[in-house]
Amino acid sequence: MTTVTTSRGDRRISPVFLGILAVAAVTGWVTWTGFAEQPGIAVFLFVTAAWIVSLCLHEYAHARTALHSGDVSVGAKGYLTLNPLKYTHALLSIVLPVVFMIMGGIGLPGGAVFIERGRIRGRWRHSLISAAGPLTNVVFAVVCTAPFWLHALDGVPRDFRYALAFLALLQVTAAILNFLPVPGLDGYGVIEPWLSYQVKRQVEPFAPFGLMIVFALLWLPAVNGVFFDAIHAVLRALGIDEVQTYCGYDLFRFWRENDPGCSIIP
């Protein structure tokens, strides 16, 4: 059994994370109550802050699972504090996901905690570490969609419902993209321990480009259509239709003229 040796300071929740969480809570309340004169700004801040919270928890899940699998170095690196500024690639984990969210309503996978894999023994542990992050997105998706599949929308304000629908879309896209068995993504990390040495050596040079290749393919209309058909099929199974996610994204982009059709939907 691995002895976990981390100090209390290594596990103390970062004020940065608490600040982001507070922004999500306050702007969520503002969106719910309709307190703001510009509801789109409140929705933008709520969805963005909640999305960053999910990214932090995604990386935390990787780190926490690694800690209990043998990599006791994650504490000293600050990964257990939920501070996004401690990630090895804050650009990949925070900035780019937010940019892609704004540009195309896509939940960009994170992937910025450095795990010392040499400290970990057992293929199942390696696979579980990789799976822990996207499983967090799955949990977020279930939570965001709960009012829809539980048919508990009575009394939920329209703008807040739209915001939840769009946030759910981000979580579902992040989970599906992360679980793709593409080098550089968590899905490949799940299966990599079970591959032969020769296969891993052949695939290794492509790992830095895996995510870029995926997103290049998503720019192709045919691939994009198939991808979002799958996303919306999942969301429909969870009680969210395309109108709700579209109106959530439309409201989120407060700097554009909003679709008047979304304002008349009950």
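**Notes on an all-helical predicted chain**

1. Let's start with the overall dimensions. For 266 residues, a compact globule would have a radius of gyration near 18 Å, and the chain comes out at 19 Å, so the two agree. Do keep in mind that this is a predicted model. Along its principal axes, the C-alpha trace spans about 60 × 45 × 30 Å.

2. On secondary structure, the chain has 12 helices and 0 strands. Reading along the sequence therefore gives α-α-α-α-α-α-α-α-α-α-α-α. Among contacts with a separation of 6 or more, 74% join residues 24 or more positions apart.

3. A word on burial and surface. Buried residues account for 47% of the 266 in the chain. The accessible surface is about 13,400 Å², and carbon and sulfur atoms contribute 68% of that.

4. Helix 6 (residues 158-178) is a nice one to look at. Its 21 residues, at 1.5 Å each, should span 30 Å, and the end C-alpha atoms are indeed 30 Å apart. Of those 21 residues, 19 are buried, so helix 6 is largely enclosed by the rest of the structure.

5. Now to the aromatic side chains, where the count comes to 13 pairs. In one of them, the ring centres of Phe 44 and Phe 254 are 5.4 Å apart and the planes meet at 70°; because an angle over 60 degrees counts as edge-to-face, this pair falls in that class. Phe 44 belongs to helix 3 (residues 39-67), while Phe 254 is in the loop between helix 11 (242-252) and helix 12 (260-263), so the pair ties together parts 210 residues apart in sequence.

6. How covered are these two rings? Phe 44 has a relative accessible area of 17% and is buried, because the cut-off for that class is under 20%. Phe 254, at 32%, is partly exposed.

7. Phe 252 and Trp 255 also make an edge-to-face pair, with 6.4 Å from centre to centre and 70° between the planes. Phe 252 is buried at 0% relative accessibility, whereas Trp 255 is partly exposed at 44%.

8. It is worth viewing these residues together: Phe 44, Phe 166, Tyr 249, Phe 252, Phe 254 and Trp 255 form one aromatic cluster. A charge joins the picture at Tyr 249, where the charged end of Arg 253 sits over the ring, 4.1 Å from its centre.

Definitions and conventions
Residues are numbered from 1 along each chain as its sequence is written. This is a predicted model: local features need pLDDT of at least 70, side-chain atom pairs count only at pLDDT 80 or more; totals for chains, interfaces and linings use all residues. Side-chain values use heavy atoms; hydrogens and water are left out. Helices (H or I, at least four residues) and strands (E, at least two) are DSSP runs, numbered from the N terminus. The expected span of a helix is 1.5 Å times one less than its number of residues. Buried means under 20% relative accessible area, exposed over 50%, partly exposed in between (1.4 Å probe, protein chains only). Rings of Phe, Tyr and Trp (its six-membered ring) pair if their centres lie within 6.5 Å; planes under 30 degrees apart count as stacked, over 60 as edge-to-face and the rest as tilted. A charge sits over a ring if NZ of Lys or CZ of Arg is within 6 Å of the ring centre and within 35 degrees of the ring normal. The radius of gyration is taken over C-alpha atoms; the globule rule is 2.2 Å times the number of residues to the power 0.38. Contact means heavy atoms within 4.5 Å. Accessible areas come from the Shrake-Rupley method with a 1.4 Å probe; for residues, only the protein chains shown count as cover.
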